[in-house]
Amino acid sequence: MNLVSRYPLIVATLLALSAPQAYAETQADTFRQLSAEDALEASHQWHHTGEASVKVYPDRIEASFTDQSSATIPTGDQFLLSVAPYEDVTHGCTFHVPTGCQGEMVEKAMMVKITNAETQEVIQSGMVRTQKDGFIDFWLPKDHRYQFTFTYQGKTASEVLSTDANSRTCITTMQLL
C-alpha cells in the first residue's frame, strides 16, 4: 500500500501546503482541516525545518507557520503521549514539540507494554519503532494512568504516565537501564 492510498488526506494536505500560493494564504486553514492524529502526522514533515512550529498540549495541538498564520486543533477525548526512551542523552520537556524535540534513539526497534494502571488491562504489547525524531507517539483515552515499560537490548525503562488535563505530552524521563 503506497502513501497516497494509505493517507490520502495527509498527502492532499501536504500538496496544498507546498503550493506557492496556497502556502502563503492557507497554511493554517489547510492544517486546521486535519484530525488531531493526522495533524501530528503531518507535523513530522516540518521537524527542524523552520517552516512551522507545532506544540502538543493535553487538550489541543497548536501550529504556527512562517506566513504568520496559526491553527488550533482540539484533541477531543484522546491524549498524546510522545515518548522518547533514552540510554544516555535526553532533554527536559513538558509539552511535545514534534517540529523541534529530538530524542536520542532514532529509528530503534524495542518492545513496549502499556497497562492501564487502574484496571491492569494490557492496552498494547509488542514491538514498536522510534521515529526519526527519536519519539514514539501513543494516542490514549484521557483521564487515565498507564504503566509504560520499554525493553531494548536487555535494558528496561518503566514509568506510570497520566493522561489528565495537567499531564505532560512529552515524555523524556524514561532511561533504559
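This is a short walk through one protein model, from its overall layout down to single residues.

First, a caution. The model is predicted. Keep that in mind throughout.

Let's start with the layout. The protein has four helices and ten strands. Reading from the N terminus, the order is α-α-α-α-β-β-β-β-β-β-β-β-β-β. So much for the order of elements; now the numbers for the whole chain. There are 177 residues in the protein, and 42% of them are buried. Take the contacts with a separation of 6 or more: 61% of them join residues 24 or more positions apart. The accessible surface is about 8900 Å². Carbon and sulfur atoms own 51% of that surface.

Now the interior. How many residues does the largest nonpolar core have? It has 20. Leu81, Val83, Phe138, Phe148 and Phe150 have the most contacts inside this core. Which strands feed it with at least two residues each? Strand E4 (78-83), strand E5 (109-116), strand E7 (136-141), strand E8 (145-152) and strand E9 (155-162) do. E8 gives the largest share, four residues.

Look at Phe138 in particular. Set aside residues up to four places away in sequence. Phe138 then touches Phe79, Leu80, Leu81, Val83, Val112, Ile114, Gln124, Phe148 and Phe150. Phe148 and Phe150 are also among the residues with the most contacts inside the core.

There is another core, apart from that one, with 17 residues. Its members include Phe31, Ala42, Ala52 and Val54. Phe31 takes us to the aromatics.

The structure holds seven aromatic pairs. I'll show two, both involving Phe31. Start with Phe31 and Trp46. Their centres are 5.9 Å apart, the planes make 50°, and the pair is tilted. Where do the two rings sit in the chain? Phe31 is in helix H3 (residues 20-32). Trp46 is in the loop between helix H4 (36-43) and strand E1 (52-56). That is 15 residues apart, and the pair links distant parts of the chain. Phe31 and Trp46 are buried.

The second pair is Phe31 with Phe65. Here the ring centres are 5.6 Å apart and the planes meet at 70°, so the pair is edge-to-face. The cut-off for that label is over 60 degrees. Phe65 sits in strand E2 (residues 60-65), 34 residues from Phe31. This pair, too, links distant parts of the chain. Phe65 is buried, as is Phe31. Put the three together: Phe31, Trp46 and Phe65 form one aromatic cluster.

One more ring. Arg60 lies over the face of Tyr57, 4.2 Å from the ring centre. Arg60 is also a contact of Thr72, so let's go there next.

Thr72 is in strand E3 (residues 70-74). Thr72 has a relative accessible area of 41%, so this residue is partly exposed. Leaving aside neighbours within four places in sequence, Thr72 contacts Arg32, Arg60, Ile61 and Glu62. The C-alpha atoms of Thr72 and Phe31 are 8.8 Å apart, with their positions 41 residues apart along the chain.

Compare Ser43, in helix H4. Buried or exposed? Ser43 is buried, at 0% relative accessible area. With neighbours within four places again left out, Ser43 contacts Val54, Pro98 and Thr99. Val54 is one of the members of the 17-residue core.

Next, the cysteines. The structure holds zero disulfides. Why is there no bond between Cys93 and Cys170? Their sulfurs are 3.2 Å apart, too far for a bond. The cut-off is 2.5 Å. Each is the other's closest cysteine, by sulfur position. Cys93 has 19% relative accessibility, so Cys93 counts as buried. The limit there is 20%. Cys170 is buried as well, at 0%.

Last, the backbone. Most residues other than glycine have a negative phi. Two residues here go the other way. His48 has a positive phi, near 60°. His48 is in the loop between H4 and E1. At 54% relative accessibility, His48 counts as exposed. Gln120 also has a positive phi, near 70°. Gln120 is in the loop between E5 and strand E6 (122-129). Gln120 is exposed too, at 55% relative accessibility.

That's the tour. Questions, please.

Notes: Residues are numbered from 1 along each chain as its sequence is written. This is a predicted model: local features need pLDDT of at least 70, side-chain atom pairs count only at pLDDT 80 or more; totals for chains, interfaces and linings use all residues. Side-chain values use heavy atoms; hydrogens and water are left out. Rings of Phe, Tyr and Trp (its six-membered ring) pair if their centres lie within 6.5 Å; planes under 30 degrees apart count as stacked, over 60 as edge-to-face and the rest as tilted. Buried means under 20% relative accessible area, exposed over 50%, partly exposed in between (1.4 Å probe, protein chains only). A charge sits over a ring if NZ of Lys or CZ of Arg is within 6 Å of the ring centre and within 35 degrees of the ring normal. Contact means heavy atoms within 4.5 Å. Accessible areas come from the Shrake-Rupley method with a 1.4 Å probe; for residues, only the protein chains shown count as cover. A nonpolar core is a set of buried Ala, Val, Leu, Ile, Met, Phe, Trp, Tyr and Cys residues joined through side-chain atoms within 4.5 Å.
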